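Biologist: Please take a close look at one part of this protein, the place where two of its helices pack against each other. Set it in the context of the whole chain first, and explain the terms as you go.

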Amino acid sequence: MMELNMDELSLPRILEQARKIHQATSDSCVDQDTVKKGCELLRKCEEMIGKLGLFSLNETKEDICTANLKYILVPYYLGELTEKFAEEDRIEILKLSQAKLKEFFSFCEAMELVPKEELESFVEATGKTFADKRAQKIARFKRQKAAESKLLEIRERKERRGRSTRASALSTPVEFGEEDFDDDDGEEEREAWLTTISLALCKAFDLLEMLKREEEMLLSVRERQSKEGNNELAQSNLDERAEKAEAWHRDAATRSRFTKPAIPITCATFAQDVIEGRAMVSQGHEHKHQPMLFGPSSLVSKNPTSERERIAAKVFQPHYRLPTMSIEEAGLKEMEIMNKWQEDTKKFIEEANISWHTDNRLQKPGEDEDDEDDDAAQDKARAWDDWKDDNPRGAGNKKLTPCG
């Protein structure tokens with residue numbers, strides 16, 4: 001149905017509808033169906049413009065008819081509407097929008113519509129400093145404000161002229177889609193469309209810079225996610241193994257009520273085999289740490305009986321000390337030490353809580369001597385306070401003062 005309607009419409013009507021949708025998306029948020037409809041209308045405009053051959057690379061802006069100037073803005077409208085698509089692959093949308101904006105720049109450059117400052121900055125985009133970028137943005141903002149003011153002035157001038165013509169009863173009916181510019185061949189309409197193209201160039205340059213920065217950020221995020229993909233896979237494997245271990249312990253706690261407790265597992269390798277289902281607890285596993293020997297193969301794992309065999313067994317030994325127990329045995333020994341320490345600490349705390357109130361009642365040897373020392377120190381301090389009261393500070397130096 002949509003294709004039938006577009007086939008029945010003329011090129012000016014299709015562009016007018018697309019411009020209304022573009023204006024609606026700029027002023028407020030619209031749904032994705034409206035954006036999609038606007039893009040389809042603009043693509044239909046591009047197809048019809050190509051078939052009609054309205055523009056040629058051998059022409060300049062002076063050679064283009066006034067009525068055809070508005071069709072230069074079709075790639076710009078399409079680039080802005082494409083950017084508003086809400087798709088899962090945002091990077092692809094950004095690339096399509098940038099392609100349309102660059103197409104708009106290239107055609108305007110061929111038509112000599114792009115200012116020289118923008119051309120120079122576009123060529124030297126990599127070697128500019130922050131001060132140059134700031135000056136460029138300020139100049140672009142001033143051009144944009146000047147274009148908006150000029151369009152407003154043209155619109156007000158047309159409204160005043162329309163009121164005067166209506167008052168003189170000389171006005172003619174205006175066809176739909178041509179209410180913005182009445183005179184197709186007038187200088188005022190040509191000036192308005194050229195100003196509109198200049199305003200679109202300013203906005204397109206700002207939009208292109210924003211889309212480039214967004215694409216760079218999304219690409220960096222995608223690269224970081226691809227690097228972290230292996231870590232996420234490893235983390236998922238660890239989570240799965242942890243869930244299996246928790247399920248095994250939970251089931252073991254349930255079975256422990258009706259079964260005989262098994263011998264504690266002291267080997268980490270055998271415990272992992274039990275958790276992952278490669279071994280059963282009932283099989284049993286006695287782990288004994290065997291020190292590594294680096295001597296002759298005839299004496300390895302044998303008990304040397306003579307001094308000669310003991311010396312031969314120590315040949316090619318490493319320069320560092322070999323472990324005398326496994327990690328599991330060391331952990332069990334540390335657990336024994338900690339349990340003994342906790343028991344001793346609990347015993348000391350209980351003794352302290354029971355005997356603290358009896359210590360105050362029992363008089364320790366030498367306590368009377370401490371009391372006598374305290375009384376003597378108190379008497380000495382009182383005598384010193386009395387002496388200071390009788391002899392205030394500076395009492396013997398009155399003759400040395402000028403007023404003594």
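Modeller: **The helix pair H7 and H8**

From the N terminus on, the elements of the protein run α-α-α-α-α-α-α-α-α-α-α-α-α. That is 13 helices and zero strands, where helices (H or I, at least four residues) and strands (E, at least two) are DSSP runs, numbered from the N terminus. This is a predicted model, in which local features need pLDDT of at least 70 and side-chain atom pairs count only at pLDDT 80 or more, while totals for chains, interfaces and linings use all residues. Residues are numbered from 1 along each chain as its sequence is written, and side-chain values use heavy atoms, with hydrogens and water left out.

The average pLDDT (the predictor's confidence in each residue, from 0 to 100) is 76 for the protein, and 69% of the residues score at least 70. Of the 404 residues, 23% count as buried, a word that stands for under 20% relative accessible area, with exposed over 50% and partly exposed in between (1.4 Å probe, protein chains only).

Now to the pair. Two packed helices are described by the angle between their axes and the distance between the axes. Helix H7 covers residues 130-167 and helix H8 residues 187-227; their axes come within 9 Å and cross at roughly 150 degrees. Axes here are lines fitted to C-alpha atoms, for helices over the stretch in contact, and angles run from 0 to 180 degrees between N-to-C directions. The crossing angle therefore makes H7 roughly antiparallel to H8; angles under 35 degrees count as roughly parallel, over 145 as roughly antiparallel, 65 to 115 as roughly perpendicular and the rest as oblique. H7 passes H8 in a left-handed crossing, meaning that the near helix is turned anticlockwise from the far one by less than a right angle, whereas clockwise would be right-handed.

By class, the contact of H7 with H8 has 13 charged, seven nonpolar and four polar residues. Ala, Val, Leu, Ile, Met, Phe, Trp, Tyr, Cys and Pro count as nonpolar, Asp, Glu, Lys and Arg as charged, and the others, Gly among them, as polar.

Over residues 174-185, pLDDT stays under 50, and the model has 18 contacts for them beyond four places in sequence; contact means heavy atoms within 4.5 Å.

One more residue is worth a look. Glutamate 83 lies in helix H4 (residues 74-83) and is buried, with a relative accessible area of 14%. Leaving out residues up to four places away in sequence, glutamate 83 touches Arg90, Ile93, Ser97, Met210 and Leu211.
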